[in-house]
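Take a look at the chain shown here. The report below walks through its fold, its surface and its interior.

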Amino acid sequence: KKTEPRYEQRNFSREERSGALRLVVSPDGAEGSLTIGQDARLYAALFEDGDAARHELEKGRLGWLHVATGAVEVNGVALGPGDGAALRGTGGVELRGLGDAELVLWDVPA
């Protein structure tokens with residue numbers, strides 16, 4: 001977007017990311033997130049066994065989920081450490097922790 005280079009840094013505490021998708025990067029700095037000069041949103045989460053969250057993908061957007069550690073269930077499909085899932089279409093993405101897990105979710109235009 002022809003913006004000046006910039007740098008931001010922030011610690012998102014374990015509590016902020018526990019059991020929920022925490023917005024950590026967005027184009028407008030929403031919810032105290034870091035800003036990016038792109039139409040992209042990055043969420044981070046730490047799940048324990050049974051923790052659940054839902055993310056709505058708006059029409060015309062895609063998602064990419066990466067499981068850094070542990071295991072999660074994504075719309076009924078189990079994923080383990082290092083696994084990823086491409087998410088397409090409209091509707092919700094259901095996430096559930098299968099033990100301790102750390103994950104990130106990108107929400108970007110199609």
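## Fold

Helices and strands here are DSSP runs: a helix needs at least four residues and a strand at least two, and both are numbered from the N terminus. By that rule, the chain has one helix and eight strands. This is a predicted model. Read from the N terminus, the order is α-β-β-β-β-β-β-β-β. The radius of gyration is 14 Å, close to the 13 Å that the globule rule gives for 110 residues, so the chain is as compact as a globular protein of that length.

The C-alpha atoms fill a box of roughly 40 × 30 × 20 Å along the principal axes. Now consider contacts between residues at least 6 apart in sequence. Of these, 59% join residues at least 24 apart.

## Surface and charge

How much of the chain is buried? Buried residues account for 35% of the 110 residues. The accessible surface comes to about 6400 Å². Carbon and sulfur atoms hold 50% of that surface.

Charged side chains come in two sets: 13 are positive and 18 are negative. The centres of these sets lie 8 Å apart.

## Nonpolar cores

The largest nonpolar core has 19 residues. Which of them have the most contacts inside this core? They are Leu 21, Phe 47, Leu 65, Val 72, Val 74 and Leu 87. Five strands each give two or more residues to this core: S3 (41-47), S4 (52-57), S5 (61-74), S7 (84-88) and S8 (91-109). Strand S8 gives the largest share, five residues.

Apart from this core lies another one, of six residues. Its members include Phe 12, Val 24, Leu 34 and Ala 44.

Val 74 deserves a closer look. Leave aside its neighbours within four places in sequence. Val 74 is then in contact with Leu 65, Leu 79, Leu 87, Val 93, Glu 94 and Leu 95.

## Two loop residues with positive phi

Glu 31 is not a glycine, yet it has a positive phi of about 55°. Where is Glu 31 placed? It sits in the loop between strand S1 (22-26) and strand S2 (34-35). Is Glu 31 buried or exposed? Its relative accessibility is 62%, and exposed means over 50%, so Glu 31 counts as exposed.

Asn 75 is not a glycine either, and its positive phi is about 50°. Asn 75 lies in the loop between S5 and strand S6 (77-79). Its relative accessibility is 44%, so Asn 75 counts as partly exposed.

How values were computed: Residues are numbered from 1 along each chain as its sequence is written. This is a predicted model: local features need pLDDT of at least 70, side-chain atom pairs count only at pLDDT 80 or more; totals for chains, interfaces and linings use all residues. Side-chain values use heavy atoms; hydrogens and water are left out. The radius of gyration is taken over C-alpha atoms; the globule rule is 2.2 Å times the number of residues to the power 0.38. Buried means under 20% relative accessible area, exposed over 50%, partly exposed in between (1.4 Å probe, protein chains only). Contact means heavy atoms within 4.5 Å. Accessible areas come from the Shrake-Rupley method with a 1.4 Å probe; for residues, only the protein chains shown count as cover. Lys and Arg count as positive and Asp and Glu as negative; His and the chain ends are not counted. The place of a charge is taken as NZ of Lys, CZ of Arg, CG of Asp or CD of Glu. A nonpolar core is a set of buried Ala, Val, Leu, Ile, Met, Phe, Trp, Tyr and Cys residues joined through side-chain atoms within 4.5 Å.
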